[in-house]
Amino acid sequence: MSGILVIGGYGAVGAQVSTTLDGWFPSQVIAAGRNPDGARLPATVRRVRLDLADIAGLERLLDPGDIAVVVLCVEPADATVAETCLSRGVHLVDVGASDHLLRQVEDLADRATVGGATGVLSVGVAPGLTNLLARRVHERLGGAQQIDITVLLGAGEQHGADAVGWTVSRLARPAAARPRRYLMPGHGRRTAHPLDFSDQHSLRRTLGVPSVTTRLCLDSAFSTALLAGLRRLGVFRRPTLRRLITTALSRVHLGGDGFAVRVDGVNGDRHAALALTGNGQSRATALVAAYVTRAVLDGALPTGIHHIDQLPVLADVPERLAAHGIVPHSLG
Ligand SMILES: NC(=O)c1ccc[n+]([C@@H]2O[C@H](COP(=O)([O-])OP(=O)(O)OC[C@H]3O[C@@H](n4cnc5c(N)ncnc54)[C@H](OP(=O)(O)O)[C@@H]3O)[C@@H](O)[C@H]2O)c1
């Protein structure tokens with residue numbers, strides 16, 4: 001049993017997951033989605049048609065017992081997909097960024113449905129690399145009381161439709177904290193606005209830090225200010241306008257493809273900050289997912305459901321990404 005099923009396996013993230021894993025495990029990768037025919041993937045990656053809403057279709061793929069791990073590169077409606085995999089002893093790597101869904105998967109661990117499988121959550125850039133940096137900052141401070149996570153995305157990157165839709169849907173929610181200005185390595189001082197990424201919620205559970213806030217800015221200061229202004233006006237709460245803006249953001253690319261994440265922690269009068277910079281957040285998300293999948297297949301991870309920051313074996317993923325041009329920065 002060594003097959004790797006990448007669901008959403010030819011999207012912006014999934015295509016790079018499928019391609020990277022195919023390089024490491026030739027002819028073991030199957031890329032799944034609703035319309036796989038035109039997928040641009042190496043010839044050694046098999047394509048299958050699968051709609052996540054069709055759980056019987058997923059069961060038919062898993063039941064012969066050839067699939068060892070499912071990499072989930074599209075957001076499901078609930079935890080049924082995770083349960084279908086884990087209850088069959090199939091490992092799960094999930095790049096999802098919605099806390100309500102991650103909590104549903106966490107809850108599967110209490111229902112004895114996980115068998116001998118491993119589920120890894122918070123896989124990617126944010127959540128993912130942000131969780132790993134947050135753990136380091138927390139440890140460096142001997143326990144942070146507050147953590148602030150800042151994510152800078154390149155407005156010029158061709159982000160996937162699902163990722164753009166996810167971000168716009170979060171902009172429909174009121175900001176839960178104030179904007180803040182931070183020096184983002186390679187991008188100068190930037191104003192970032194709170195957004196409901198899952199890391200700020202799961203890190204309270206995994207690290208026990210009482211206050212965690214995640215903020216987002218784009219490399220284009222103009223686009224960041226425009227989105228913040230539209231959010232204040234409540235524009236994203238109107239479904240028609242939300243759809244129009246999602247389409248516009250998917251087509252107009254005003255900026256580069258560089259990304260940066262920065263994590264600041266405070267404990268009393270002590271402060272620590274770490275950052276990572278690179279190009280292509282979809283590519284970086286895919287690389288993290290590929291390294292996590294390899295660790296799962298190597299048998300290096302314990303069974304059960306874990307966020308990435310709870311797995312010491314994965315603590316050095318940021319260093320492994322240096323080979324791919326993703327650079328760490330210690331900011332004090
Ligand atoms: N953790 C992180 O840092 C991070 C970073 C980026 C993205 N993400 C998450 O990763 C996910 C994918 O993002 P993306 O940028 O790759 O989006 P994308 O380019 O739109 O890719 C989505 C993929 O999923 C497939 N898909 C969509 N609905 C499906 C369904 N019902 N059943 C089966 N396949 C389906 C699509 O193909 P078809 O349309 O042909 O089905 C496509 O291959 C999103 O949930 C996003 O929030 C996480």
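**A walk through the predicted model**

A290 is found in helix 10. The model is a predicted one, and this residue serves as the starting point. A290 counts as buried, because its relative accessibility is 0% and buried means under 20% relative accessible area. Along the sequence A290 and T20 are 270 residues apart, yet their C-alpha atoms are 6.7 Å apart in space. Setting aside neighbours within four places in sequence, the contacts of A290 are T20, L21 and W24.

Helix 10, residues 281-297, also takes part in the surroundings of the ligand: together with helix 5 (125-140) and helix 6, it is one of the elements that give two or more residues to the shell. There are 26 residues around the ligand, and those that come nearest are Y10, A12, R34, L52 and V125. Sorted by class, the shell holds 14 nonpolar, eight polar and four charged residues.

Backbone atoms supply several polar pairs with the ligand. A polar backbone atom of G11 is 3.2 Å from an oxygen atom of the ligand. For N35, a backbone N or O atom lies 3.1 Å from a ligand oxygen atom. V95 pairs with a nitrogen atom of the ligand instead, through a backbone N or O atom at 3.0 Å. Taken alone, the ligand exposes 910 Å², and the protein buries 88% of that.

Helix 5 leads to the backbone geometry. Most residues other than glycine have a negative phi, and most peptide bonds are trans. The peptide bond from A126 to P127 is cis, with omega near 10°, and P127 is found in helix 5. In the loop between strand 6 (118-121) and helix 5 sits S122. The phi of S122 is positive, near 60°, in a residue other than glycine. S122 counts as buried because its relative accessibility is 0%. Another positive phi in a residue other than glycine belongs to S27, with a value near 65°. S27 has its place in the loop between helix 1 (14-24) and strand 2 (29-33).

Helix 6 can be followed next. Its buried residues are V164, W166, V168, R170 and L171. They pack against helix 4 (99-108), helix 8 and helix 9.

Helix 8 covers residues 221-232, twelve residues in total, and reaches 17 Å from its first C-alpha to its last. That span is close to the 16 Å expected at 1.5 Å a residue. Within helix 8 the buried residues are S223, T224, L227, A228, G229 and R231. Their packing partners are helix 6 (161-171), strand 9 (188-194), strand 10 (211-218) and helix 9 (239-251). Helix 6 and helix 8 thus appear in each other's lists of packing partners.

What follows helix 8? The residue is G234, and its phi is positive, near 80°. G234 lies in the loop between helix 8 and helix 9. Is G234 buried or exposed? It is buried, because its relative accessible area is 8%, and buried means under 20%. The C-alpha atom of G234 is separated by 7.1 Å from that of A172, although the two residues are 62 apart along the chain.

Key. Residues are numbered from 1 along each chain as its sequence is written. This is a predicted model: local features need pLDDT of at least 70, side-chain atom pairs count only at pLDDT 80 or more; totals for chains, interfaces and linings use all residues. Side-chain values use heavy atoms; hydrogens and water are left out. Helices (H or I, at least four residues) and strands (E, at least two) are DSSP runs, numbered from the N terminus. The expected span of a helix is 1.5 Å times one less than its number of residues. Buried means under 20% relative accessible area, exposed over 50%, partly exposed in between (1.4 Å probe, protein chains only). Contact means heavy atoms within 4.5 Å. A residue is near a molecule or strand if one of its heavy atoms lies within 4 Å of it. A polar contact is a pair of N or O atoms within 3.5 Å; within protein, one must be able to donate a hydrogen and the other to accept it, and residues adjacent in sequence count only if both atoms are side-chain atoms. Accessible areas come from the Shrake-Rupley method with a 1.4 Å probe; for residues, only the protein chains shown count as cover. Ala, Val, Leu, Ile, Met, Phe, Trp, Tyr, Cys and Pro count as nonpolar, Asp, Glu, Lys and Arg as charged, and the others, Gly among them, as polar.
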